[in-house]
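Got your viewer open? Here's a short tour, one selection at a time.

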Amino acid sequence: LMIKNSVISWREQNYSFYENKYLACMLKSAYTIDLVEAGCDEVGRGCLAGPVVAAAVILPKHYQHELLNDSKQLSKEERQQLQYDIKKDALAWAISEVDNHEIDKINILKASFKAMHLALDQLTVKPDMILVDGNRFQPYKELPFECIIKGDATYLSIAAASVLAKVHRDELMATLAQAYPGYGWETNVGYPTDEHRDGIRALGVTPYHRRSFQLLPSQLELF
């Protein structure tokens with residue numbers, strides 16, 4: 001009997017430990033109690049080619065999803081599945097792009113803000129406040145906002161925005177890779193990998209490269 005009780009006690013303690021660990025990993029459903037919050041995030045700021053893509057998502061209050069997390073922590077398959085759940089469950093969602101030409105014209109930081117603003121413009125539900133991943137944001141229509149470092153790993157609405165933005169951009173770069181083979185965009189999605197830079201050396205720049213970025217260690221190799 002003592003052994004049996006000891007086993008039960010051990011199980012209860014360990015189940016409690018793992019349950020608490022699981023709950024601690026769950027992202028927060030909201031920043032405020034009663035305001036309609038739009039989570040915003042962007043992807044592609046550090047890429048050498050392609051647009052910067054942003055998404056805005058409004059989720060129901062008290063929303064939970066056991067898988068939803070920062071898109072960088074998820075597999076491609078998980079992101080693919082999550083995008084359908086997010087689009088189905090969200091009160092409103094939107095995705096926007098700012099292309100490489102605009103990035104070269106106004107700089108990547110301003111382009112990132114513009115992409116988020118364009119996504120917010122498309123929302124069919126008006127938010128009361130905005131939650132933004134990171135530490136900087138350009139005010140939008142006098143709405144209050146909160147910048148949250150690692151927000152995509154803290155709040156579900158920001159995580160949802162990060163997933164939609166990344167899935168959209170990854171698919172776009174995979175399509176562009178078919179038109180411009182040799183740069184590895186189907187896997188590096190435009191980031192400055194060795195494969196990407198080797199492609200630039202061998203094939204030159206494409207209409208989708210950001211010429212204001214340092215495409216190669218020495219730009220003299222290009223222009």
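Which residues of the largest nonpolar core touch the most other members? Select Leu120, Leu123, Ile130 and Phe137: out of 35 core residues, these are the ones. Keep in mind as you click around that this is a predicted model.

Now colour the elements that each put two or more residues into this core: strands E1 (37-43), E2 (52-58), E3 (92-98) and E4 (129-133), plus helices H4 (108-122) and H5 (156-179). H4 is the top contributor, with seven residues. A second core sits separately; its 21 residues include Leu74, Leu156, Ala160 and Ala161.

Go back to the first core and zoom in on Leu123. Setting aside residues up to four places away in sequence, Leu123 touches Ala38, Ala56, Ile58, Ala92, Trp93 and Ala94.

Next stop, helix H2, residues 76-89. Try the distance tool on its end C-alpha atoms: they are 20 Å apart, which agrees with the 20 Å that 14 residues should span at 1.5 Å a residue. Show side chains for Arg79, Leu82, Gln83, Asp85 and Ile86, which are buried in H2. What do the buried residues of H2 pack against? They pack against E2 and H5.

Follow that packing over to Val167, in helix H5. Buried or exposed? Val167 has 5% relative accessibility, so it counts as buried, the cut-off being under 20%. Beyond its neighbours within four places in sequence, Val167 is in contact with Arg79, Gln80 and Gln83. Draw a line from Val167 to Arg79: the two are 88 residues apart in sequence, yet 6.7 Å apart in space, C-alpha to C-alpha.

Stay here for a pocket. Val167, Arg79 and Gln80 are among the residues lining the second largest one, which has a volume of about 180 Å³. Add Lys76, Asp170, Glu171, Ala174, Glu186, Thr187 and Val189 to complete the lining. H2, H5 and helix H6 (185-188) each give two or more residues to it, with the largest share, four residues, coming from H5. By type, the lining divides into three nonpolar, two polar and five charged residues.

For the largest pocket, select Asp41, Glu42, Val43, Arg45 and Asp133, the closest to its centre of 20 lining residues. About 340 Å³ of space lies in this pocket. H4 gives the most to its lining, with four residues, and the lining holds five nonpolar, six polar and nine charged residues.

Last click: Thr206, in the segment after helix H7 (194-203). At 4% relative accessibility, Thr206 counts as buried. Not counting residues up to four places away in sequence, Thr206 touches Tyr180, Tyr183 and Trp185.

Note on methods. Residues are numbered from 1 along each chain as its sequence is written. This is a predicted model: local features need pLDDT of at least 70, side-chain atom pairs count only at pLDDT 80 or more; totals for chains, interfaces and linings use all residues. Side-chain values use heavy atoms; hydrogens and water are left out. A nonpolar core is a set of buried Ala, Val, Leu, Ile, Met, Phe, Trp, Tyr and Cys residues joined through side-chain atoms within 4.5 Å. Buried means under 20% relative accessible area, exposed over 50%, partly exposed in between (1.4 Å probe, protein chains only). Contact means heavy atoms within 4.5 Å. The expected span of a helix is 1.5 Å times one less than its number of residues. On a 1 Å grid over the protein atoms alone, a cavity is a set of points where a 1.4 Å probe fits but cannot get out, and a pocket is an open set with protein on both sides within 12 Å along at least five of seven lines; lining residues have an atom within 4 Å of a point. Grid points are joined across faces, edges and corners, and a volume is the space filled by probe spheres set on the points. Ala, Val, Leu, Ile, Met, Phe, Trp, Tyr, Cys and Pro count as nonpolar, Asp, Glu, Lys and Arg as charged, and the others, Gly among them, as polar.
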